[in-house]
Amino acid sequence: ALLEQAGMSRPITVVIDALNQLDSSDRSHDLDWLPLWAPPGTRLVVSTLPGDCLDQLTRRVPADHILTLLPLPEDARRILITDVLTHRRKRLTPDQLNTLLDIRTRPDAALPLYTLVALEELCLFGEYGALDARLASLPPTLPELFTQVLARLEQDHDRPVVEAVLSLQDLRRYFSVTVTAGDVKRGKPAPDIFLRAAELLA
């Protein structure tokens, strides 16, 4: 009723991202809670990866209401990378650009989010001469890239910053322990952070 009333005064679009990330313990992936009909003046947009949530949507929603998002073509990713770097007043050599575009070694590089996160990491990297090594260290998948970013945050910042990032991204449940530069006497390149994490995990 609230959504119907709101839609009468102005157009309303409700976006629910990543249905597949909902906790499935209470049968949330059955999607019984998701309305099949949106009141006039409103739209409901949801996203999910392939799996049980998409299977439920396919059974309940007309086929012409489901849009499959394909990986971003290489030419579009090339434009995206160039535009982002130009805005940041940064650049890559042609070989470095081709390395970042290569989806044979990094399948998730075809995803816009992977590309944007990787670019942000590269722009933060201060040693231009070592950029090739940093590019080579980028992992093949988006979850691994996020893990790498969090590891850098733990080394570069203190606990409040890391806790804020984990809460913002709803990542706390994936980490049984966290260790930051403020938790040890010596930060990188000393191994203290990793040794403390291993101690807590033991």
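**Entry 1: Leu 34**

Contact, in these notes, means heavy atoms within 4.5 Å. I am working from a predicted model. I began with Leu 34, and I found this residue in the loop between β1 (12-16) and β2 (42-46).

Is Leu 34 buried or exposed? I read a relative accessibility of 8% for Leu 34, so I noted this leucine as buried; the cut-off for buried is under 20%.

Next I asked which residues touch Leu 34, leaving aside its neighbours within four places in sequence. I listed Ile 16, Leu 44, Val 46, Leu 57 and Arg 60. For one of these partners I also looked up the spacing: Leu 34 and Leu 44 are ten residues apart in sequence, and their C-alpha atoms are 9.6 Å apart in space.

**Entry 2: Ser 28**

I stayed in the loop between β1 and β2, where Ser 28 has its place. Ser 28 counts as buried because its relative accessibility is 13%.

What does the side chain of Ser 28 reach? I found the backbone oxygen of Asp 23 at 2.6 Å. Asp 23 also turned up when I listed the contacts of Ser 28, together with Leu 22 and Trp 33; neighbours within four places in sequence were left aside here.

**Entry 3: Arg 27 and Asp 32**

I turned to charged pairs and noted that the structure holds seven salt bridges. I looked at the pair made by Arg 27 and Asp 32, whose side chains meet at 3.9 Å, N to O. Asp 32 counts as exposed because its relative accessibility is 58%. Arg 27 has a relative accessible area of 57%, so I marked this arginine as exposed too.

**Entry 4: Glu 121 and its two arginines**

I then followed Glu 121, starting with its salt bridge to Arg 134 (3.4 Å, N to O). This pair links distant parts of the chain, with Glu 121 in helix α5, Arg 134 in helix α6 and their positions 13 residues apart. Both Glu 121 and Arg 134 are buried.

Which other side chain meets Glu 121 in a salt bridge at 2.8 Å, N to O? I found Arg 152 there. Again the pair joins distant parts of the chain: Arg 152 sits in helix α7 (residues 142-156) and Glu 121 in helix α5, 31 residues apart.

I checked how covered these two partners are. Glu 121 is at 5% relative accessibility and therefore counts as buried. Arg 152 has a relative accessible area of 23%, so I wrote this arginine down as partly exposed. Elsewhere, I noted that salt bridges with shared partners join Arg 27, Asp 30 and Asp 32 into one network.

**Entry 5: Arg 106**

I went to Arg 106 in the loop between α4 (94-101) and α5 (112-124). What did I find for a salt bridge at this buried residue? Arg 106 has none: Asp 102, the nearest side chain of opposite charge, is 6.0 Å away. A salt bridge needs the nitrogen and the carboxyl oxygen within 4 Å, so Asp 102 does not qualify.

I did find a backbone partner, since a polar atom of the Arg 106 side chain lies 3.0 Å from the backbone oxygen of Leu 138. Leu 138 is also among the residues that Arg 106 touches; the others are Thr 99, Tyr 114, Leu 135, Ala 136, Pro 139 and Pro 140, not counting residues up to four places away in sequence.

**Entry 6: helix α4**

Which residues of α4 are buried? I wrote down Gln 96, Leu 97, Leu 100 and Leu 101. Looking down the axis of α4, I saw these buried residues fall within an arc of 135°, so they line one face of the helix. An α-helix has 3.6 residues a turn, so residues three or four places apart point the same way. On the other side of α4, I found Pro 94 and Asp 95 exposed. The cover over the buried residues of α4 includes α3 (74-87), α5 and α6 (131-136).

**Entry 7: the whole protein**

Last, I stepped back and counted nine helices and two strands. Along the sequence they follow the pattern α-β-β-α-α-α-α-α-α-α-α. The protein has 202 residues, and 28% of them count as buried. For contacts with a separation of 6 or more, I noted that 56% are between residues 24 or more positions apart. The accessible surface comes to about 13,700 Å², and 59% of that belongs to carbon and sulfur atoms.

How values were computed
Residues are numbered from 1 along each chain as its sequence is written. This is a predicted model: local features need pLDDT of at least 70, side-chain atom pairs count only at pLDDT 80 or more; totals for chains, interfaces and linings use all residues. Side-chain values use heavy atoms; hydrogens and water are left out. Helices (H or I, at least four residues) and strands (E, at least two) are DSSP runs, numbered from the N terminus. Buried means under 20% relative accessible area, exposed over 50%, partly exposed in between (1.4 Å probe, protein chains only). Lys and Arg count as positive and Asp and Glu as negative; His and the chain ends are not counted. A polar contact is a pair of N or O atoms within 3.5 Å; within protein, one must be able to donate a hydrogen and the other to accept it, and residues adjacent in sequence count only if both atoms are side-chain atoms. The arc is that of the directions from the helix axis to the C-beta atoms. Accessible areas come from the Shrake-Rupley method with a 1.4 Å probe; for residues, only the protein chains shown count as cover.
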